[in-house]
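Hi everyone, thanks for making time. Let me put the sequence and the structure up on the screen, and then we can walk through it together.

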Amino acid sequence: MSAGKLSVPGRFFATLKEHDLLPEGASVLAAVSGGADSVCLLDLLRLAQPRLKLRLAVLHLNHGLRESAARDEEFVRKLCRDWRVELVVARAEVAAFAKRHKKGIEEAGRELRYRHLERVARRLKCDVVALGHTANDNLETMLLNLARGAGPRGLAGIPVQRCSETNYKDTETRSGRSCHSEEAVDEESRPAPISGGIPRSARNDTEARGGRTGITFIRPLIDIERDKLEQHLRARGIDWVEDESNLDVKYRRNLLRREVVPVILELNPNAVANARRAAQLVAEEGEFLDGLAEAAARDIAEFGKGRVRIDILKFKDYNNILKRRILKRVLPQLDSQAVEGVLQFCNRDTGGKLTLTRGVRAHRRQGIIEFERTKEILNDA
């Protein structure tokens, strides 16, 4: 049945089942800001709680950026008291963090959110973190990625789930349970930090457990449009708070949401749902190609501490589509420009060195390309 013919709870449960997002007895930490998306997420998780025997907790992160932040925090506190849900409130100095690390406010806020979510999830022994991204968020992410010049990975939109072992930059899953690394694209997908390529022991352990390892981040609202969520809340008499910063078009996503998406919806009112279907198709094809790249990487690459070696002759046997994906498998932190640089480097007839992005250096000698981390990245790892 199509998403349009299902109620909001029906679509929510269908997404859970389709992607196997919530195993029975899971301990779930929900990220709740107080906005309609996250409040609806919590309401739906409460509906699922007795059916799936879930243990449920909430994290509210006060970013300290808006005068209304205290109001939002108190709203979530009251909501969790009324619904008898365990609540953790954390505070983050986003502006100071952004300045210290030379990041934009959006990027800094996102990084701190994921750090806090993972830290609290581990403390509460939650194996699942639930996020309130919607089908509208997916469309916006696809458009932002397209504007940035992203390839197929970026056009796969926001992943429905991802598995995390160390921090918010870990591996993503877009349409299934395999925890493969994804290309760095816009807001919701970031590469794993350099860890010597594909750690074989970790990868095999993940496969042995069906792809689940560490904490799984899920987005069970990804197939539901934002206005449908608000209608659901109104019908159930549930309030939410509005974030006034969502009106500020100095932020890219807000500019897109307020001025670009409405025009697209005039062209086709079904654009949000169509984008979600397109993203799923791209993701499924990408995962198939990633499977081929994974097998190839095992054949042509060797991994050591902080180093990856690739057999150039074997590497050259593959077409450029798989070559790019092989490189992203073994070095997920490389951006598209660096990947193209490596391809050109492989075609040289002589040896040499090549400095790549994020502190990775490549050496070519005797039919082998060796990638190693610089001291700066090793200190950060």
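So, how many helices and strands does the chain have? There are 15 helices and 12 strands. Please keep in mind that this is a predicted model.

Some overall values to begin with. The chain has 381 residues, and 53% of them are buried. If you take the contacts with a separation of 6 or more, 67% are between residues 24 or more positions apart. The accessible surface is about 18,200 Å², and carbon and sulfur atoms contribute 51% of that.

Now let's turn to one sheet. It is open and antiparallel, with five strands ordered S8-S9-S12-S11-S10. Why do S8 and S10 each have one side without a neighbour in the sheet? Strand S8, residues 301-304, and strand S10, residues 352-355, stand at the edges, so each has a single partner strand. On average, neighbouring strands here are turned by 20° against each other, direction ignored.

Let's look inside the sheet. Strand S9, residues 307-311, and strand S12, residues 368-373, run antiparallel and are joined by five bridges. One pair to find on your screens: valine 308 has phenylalanine 371 in S12 as its bridge partner.

And which helices pack on this sheet? Helix H13, residues 320-330, is one of them, and it touches S8, S9 and S12. The direction of H13 makes about 155° with that of S9. Helix H14, residues 336-346, also packs on the sheet, touching S10, S12 and strand S11, which spans 360-365. For H14, the angle to the direction of S10 is about 175°.

That's my tour, and I'm happy to rotate the view for anyone.

Notes: Residues are numbered from 1 along each chain as its sequence is written. This is a predicted model: local features need pLDDT of at least 70, side-chain atom pairs count only at pLDDT 80 or more; totals for chains, interfaces and linings use all residues. Side-chain values use heavy atoms; hydrogens and water are left out. Helices (H or I, at least four residues) and strands (E, at least two) are DSSP runs, numbered from the N terminus. Buried means under 20% relative accessible area, exposed over 50%, partly exposed in between (1.4 Å probe, protein chains only). Contact means heavy atoms within 4.5 Å. Accessible areas come from the Shrake-Rupley method with a 1.4 Å probe; for residues, only the protein chains shown count as cover. Two strands pair if DSSP finds at least two bridges between them. Axes are lines fitted to C-alpha atoms, for helices over the stretch in contact, and angles run from 0 to 180 degrees between N-to-C directions.
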